[in-house]
Amino acid sequence: MDSVTELEGGRALVVDGSWAGEPVRLINVYAPSDVGERQELFPRLRPQLVTSGTIMMGGDFNCILESGHRCGTRAGEGWMDDGAKLLAEMVGEASLTDVIGSMGADARNFTCSRPDGSVRSRIDFVFTSRSVRIRQHSMVTVHFSYHRAIRFQGELTGKFLTGPGTWKLNSSLLGREDVQEELRRTYSEWQDMKDTFQSIGKWWEWVKGRIQDFFKNVGRKAARGRKREFSRLQQQL
């Protein structure tokens, strides 16, 4: 164990250490039930997901990430609130994997249930970097709580799984006025998030990834537009 940081008392704890000689960051979360308070906590977690080490983040996030994660009297009621959307965005940005995975249409891997069984939800998660290979997982009943614990076994592969090669910026996009305007607006929003990071350096590392994602999305849209135009011209011929 190298360091322990309490981001918010009783809500978020970050532990940096090592596993098999590799840097590991453990994050324990107990999110508030109020969506507004979750929206205040989750941005503080975001910069903690910017690290070169392996991440394992788990706890009670007090929100569901799929419509099938809740059943009972409140099933389907605002299943993807703003706090859940923010969490899903953060998990995606950090390329984290849900240890349990999708429940499936008929699965009942609920982690929390009212005593009368009227509402069952999956609001507890464990997310790991893709460098962790999950061998097995299970739900464990805890007699002193309405929640079930998530237990898993995994191993560190020693390498991070990557995508299909090196990305290159399509420089032709830089000359488009609509792209320039959208980037200026989006960058202004990123600047408002500086205070949620421990340093400007860490914020900038995060921004560089967002810039890449921005141009990837714009490039995909442009490619789809060219393909539609090509199909239209083919039909005319």
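**Note on the cores and overall fold of a predicted model**

1. In this predicted model, the largest nonpolar core holds 23 residues. I27, V29, F42, L45, M57, F61 and F127 have the most contacts inside this core. Six elements each give two or more residues to the core: the strands β2 (12-19), β3 (22-30), β4 (54-60) and β9 (124-129), and the helices α1 (35-45) and α2 (82-93). The largest share comes from α2, which supplies five residues.

2. L45 is one of the residues with the most contacts inside the largest core. Residues up to four places away in sequence aside, L45 touches L7, A12, I27, V29 and M90. Of these partners, I27 and V29 are also listed among the core residues with the most contacts.

3. A second core is separate from the largest one and has 12 residues, including W190, W206, F214 and A222.

4. R210 lies in helix α4, which spans residues 200-236. Its relative accessible area is 12%, so R210 counts as buried, the cut-off being under 20%. Apart from neighbours within four places in sequence, R210 is in contact with E93 and W190. W190 is also a member of the second core.

5. For the chain as a whole, the secondary structure consists of four helices and 11 strands. Of the 237 residues, 34% are buried. Among contacts with a separation of 6 or more, 60% are between residues 24 or more positions apart.

6. The exposed area of the chain is about 14200 Å², and carbon and sulfur atoms supply 49% of that area.

Conventions
Residues numbered from 1 in each chain as written. Predicted model: local features only at pLDDT ≥ 70, side-chain atom pairs only at ≥ 80, totals over all residues. Heavy atoms only, no water. Core = buried A, V, L, I, M, F, W, Y, C linked by side-chain atoms within 4.5 Å. Buried < 20%, exposed > 50% of the residue type's maximum accessible area, 1.4 Å probe, protein only. Contact = heavy atoms within 4.5 Å. Areas by Shrake-Rupley, 256 points an atom, 1.4 Å probe, with all protein chains shown as cover.
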